[in-house]
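Let's take a walk through a protein chain together, one stop at a time. Have a look at the sequence and the model first, and then read on.

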Amino acid sequence: MSKKYVLVIVCVLLVVKAFSQNYYEDSFNDLKDDKYYPLIDKYLGNGDYDSVVNLAEPAFDYYFERGETDRAVYLFNVCMYFPTAMGFSDITMPAMLNKVEFLESKTDTLNIHYATTLHILAFGYKYYNEIEESVPYFERAIAIYEKTETPALHLSSIYQSFAPLYVYSGDFWTGYQMYQKALDIYNSDTSSYESFVWKKKHDIATVEMGIALAMEETGQDEFSYFFNKKAFEIFCEYYPESVNTVVTAINISAACNRMGNYKEADYYANKADSILKADYSIDEMFMVYYYILSESGTARSKLGDFDSAEAKFRELIQLTEEYYQGDNESMASPFVKLAENYYDRNEPDSALLYYRKAIELNPENVNYQIDIAKVLKAVNNYPEAIAYLQNVLNTISSNNDEGVLSIAVPCAKSISHNETGFEATALLTGYFFELAKSENNPEYLQLAVNYSLLADTLILKQIETTISGADDQTIASKYHDFAGVAIDASYLAWTQTGDVKYLNNILEFISQSTSVKLNSETNTNELTEKQLSLYKQTREVQNDLFVAENSGDKDLSLAKKEELFKLNLQSFELSHELQQNKTLMYKEDINSHPDIAHIGNLLNDDEAILAYHYSDTKLFCLFISGNDQELVVTDINDEFFSVVSDFYKEIKIADRQFSVTSARLYDYLIKPVADKLDDIKKLVIIPDRELNQIPFEALVTENKSEERFLIEKFEVSYNFSISIWSRNKERAADFVGNKNYNFLALAPVFGEKNTDISDTNPLAYDSGLRSNYSDIMDASRLKPLPKSEQEVNEIGRLFKNKKLKSKVFTYEDANERNLKTNISEFSILHFATHGYSSSTNPELSGLFLYKEDKAPDYGTDIPVTDDGFLFAGEIYNLDLNADLVVLSACKSGSGKIVQGEGTLALPRAFAFNGVPNIVASLWKIHDAKTKNLMIDFYKNILDGKSYSEALRLAKLQQIKNGELPLDWAGIVLIGL
């Protein structure tokens, strides 16, 4: 018995009540004196549905022959509806099919009673899950209802009963729209309820239960939790002992388990259990009790309370044996739960025993087969694990007759379940690789490589068609974990054969495993205009939501959550459409992605790329220059991670220990490829995870006695991934000399004009920091940045002296209005201000501008939020034509580090919007010292230097002036 079926039963009961109150009670008030109605009413009261159905035909014939068609159809519907709703469709549906055919030929069908006949017929099909047969009758019924004078509450209950049909059939968006129509009527109609507030609350809560179900089906667990909580609160207040209160508590528990909130999941499962046992017997509510045990056991297992979880699952097994004989899906699930519990407590043999029992009951469940493969691998039974995984792929592949092993040679492969397919192929990659190493078997190694390419294709297609509404960070993390094994397999194949195709595989995996989602977002060839529009709208609403929650505006927060959920539904619908329209092709080569030769051609003779990827035990560094390439693999352990962490801490406190730590990190990151750097002047660094926070320029080179920094030998720039670097390199505008440069700067300063902070003041360093604050909306707390005014004015004069366009806004002029009305005209944008970086909610990150007292009217073409803060999400919608953006603000390049994505910070938003070069800071920077570095940077640019060379020369000047790495190393170029 599936959860969907349980909820169908619940929805049936709700619709029975809605119809009885909204349709039958309001029609033909004189029926008590009717010839047939008293008998019908009597039989309904006794539950004698056979007698009710037997009265339907004579009652209909009697009134139809008298010309009272409406009464004839009405009584027929009364006789058909309740038996159908209570599960007697086998005796009602033949009669209804005959009556629908008869009425279409004999009478006007544009009336509510005929529509209700169609509705009952459709409902009968739906009850037995015959969705395709149900849909045409539902749609015909709703078309008639909407054209007739249907009572408001009756119409709302109709929408409510329609909605699950579409949810169960996979049309989640239509299902949601039906629920929303019902909710709108319930919220707007007051006359029908009169003083019955409890009834209105009940109706609203049941619709919110339905919306929550739609959210669950789309994978929107947060919104499923949100709407179930709203319904639960109503039921607790007005119907504390009802079955709906129990069901919503179970649904909340399930959503919490899926989101990893196991303590809350157990709490709501216990709430459901206590209400159920206080007011119902297990016999009458065994279906509901099934899910209480399941969710409670799951939560306790994940919390490490294995004994208690085992007791729940064993009781669940007893329940299924008593009530679910023949329902193999429901009987298998408890065995899987118990198997997972044993696996989590590190008892794989017991886990295998119960997984095998589950698969015997439900052999077609691919998820069970993937799970048992993992356990088999844990006990080193690779052959059987591989057999299960290959069966998974054969099950979900459209060309089963070829056999999954046909991917050992180039062929087309269409797999309908990207997520399941990726998991299976990623595991097969690892399993065949382990066998290849242990048995020194080249055939196994080739299978590992081929499966890795198929896994790569599957997850990238999943990413491309999921702009929002999915857990992007989870996908990125999965890809990153998979990439480590995939790189290992291709590396071994490359060392054994020397074939460059394996190095190209490595390039693909390293490139795609950094900034996984951003790779897709910035590859506009893969995105439709509708996807981009949805993505930008989503980012903006996310910003509004975070601001509302930060300010405590609960009403606005609720409105934004609902708006965000609608956008996510639209995105899900679009993703589904794109998935169906795309054929996944497996290819031996990966010509759709940049290869080693292509990257080498894009590099200048004195340039090289160092792309990094690391796992818990290995550090990979892919070196690419115009005429050479190499993958260097270094074994790592906890010391490596400690050195990375210590470097970032020590550089900011100017500790002498920093030099030692920096040299140790150099030995990990640069020394393995140092012999290839003799003719190289510029390094393009593609960092992985925490390495995004490391300024490589401050690494101390081999000549440690002189503390020679890497910046003294090389220009250094960074990028999100090789793919993004290569696309920007190909698209780069030709900025020759000074003629294409123009400059727009904003510096709010945050202080009185003509004031300064003395550099001799012992507190000047702290008070002059371009710092960030926890309360982003309280600009009054921001300290003045007088040097920022000097910075932008002096840089502006440099451009004017070269006869180049320059516009500088300071103080009250440095506002969002002036930014957004001028931004598209300039190739260089410069922000000298305070920044805010949020490691928990990256969308909250942004830049402070001047907040105007009254938001001006820009006109309809410029959507803006004039709150004095430029949020990351707003950047996605800016009309940018910039080649360079400089974020001269604290921690503008830092943020939340996500495995597979890198740093979620402001530069990412500008990169999405097409900016190829961004200068940002990795930590808090000093007002006066930053001013000097920035002026030197622009002088070098206007002297014809590249951005990376200009920044290097500016940093060398800082070193010459005796400044610490703290004051120059944290300002980095992400770009070309």
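What percentage of the 976 residues in the chain do buried residues make up? The share is 59%. Keep in mind as you look around that this is a predicted model. Its secondary structure comes to 38 helices and 16 strands. Among contacts between residues at least 6 apart in sequence, 71% join residues at least 24 apart.

Our tour of single elements begins with helix H5, which runs over residues 89-106. Its 18 residues reach 25 Å from the first C-alpha to the last, close to the 26 Å expected at 1.5 Å a residue. Which residues of H5 are buried? They are Ser89, Thr92, Met93, Met96, Lys99, Val100 and Leu103. These residues lie on the same side of H5, because they cover an arc of only 135° around the axis. A general rule helps in reading such a pattern: an α-helix has 3.6 residues a turn, so residues three or four places apart point the same way. Turn to the other side of H5 and you will find Asp90, Asn98, Glu101, Ser105 and Lys106, which are exposed.

Next, move along the chain to helix H14, residues 286-302. One residue to pick out here is Glu295. Is Glu295 buried or exposed? With a relative accessible area of 12%, Glu295 falls under the 20% cut-off and is therefore buried. Leaving aside neighbours within four places in sequence, Glu295 is in contact with Ile250, Ser253, Ala254 and Asn257.

H14 also has a partner, helix H15 (residues 306-323), and the two pack at an angle of about 155° with their axes 8 Å apart. That angle makes H14 roughly antiparallel to H15. In passing H15, H14 makes a left-handed crossing. Among the residues that make the contact are Phe286, Tyr289, Tyr290 and Leu293 of H14, together with Phe306, Phe313, Leu316 and Tyr323 of H15.

Further on comes helix H28, made of 16 residues, 638-653. How far apart are its end C-alpha atoms? They are 23 Å apart, which agrees with the 22 Å that H28 should span at 1.5 Å a residue. The buried residues of this helix are Phe640, Val643, Val644, Phe647, Tyr648, Glu650 and Ile651. What covers them includes strand S1 (607-614), strand S2 (618-625), helix H29 (657-669) and helix H38 (965-968).

Our last stop is another pair of helices. H36 (residues 927-942) and H37 (residues 947-960) pack at an angle of about 135°, and their axes are 8 Å apart. H36 and H37 are therefore oblique to each other, and H36 passes H37 in a right-handed crossing. Residues of H36 including Leu933, Phe937 and Ile941 meet residues of H37 including Tyr947, Leu951 and Ala954.

Which residue can we visit in the loop between H36 and H37? Lys945 lies there. Lys945 is partly exposed, with a relative accessible area of 31%. Not counting residues up to four places away in sequence, Lys945 touches Asn940, Ala950 and Leu953. Of these, Asn940 is in H36, while Ala950 and Leu953 are in H37.

Note on methods: Residues are numbered from 1 along each chain as its sequence is written. This is a predicted model: local features need pLDDT of at least 70, side-chain atom pairs count only at pLDDT 80 or more; totals for chains, interfaces and linings use all residues. Side-chain values use heavy atoms; hydrogens and water are left out. Helices (H or I, at least four residues) and strands (E, at least two) are DSSP runs, numbered from the N terminus. The expected span of a helix is 1.5 Å times one less than its number of residues. Buried means under 20% relative accessible area, exposed over 50%, partly exposed in between (1.4 Å probe, protein chains only). The arc is that of the directions from the helix axis to the C-beta atoms. Axes are lines fitted to C-alpha atoms, for helices over the stretch in contact, and angles run from 0 to 180 degrees between N-to-C directions. Angles under 35 degrees count as roughly parallel, over 145 as roughly antiparallel, 65 to 115 as roughly perpendicular and the rest as oblique. A crossing is left-handed if the near helix is turned anticlockwise from the far one by less than a right angle, and right-handed if clockwise. Contact means heavy atoms within 4.5 Å.
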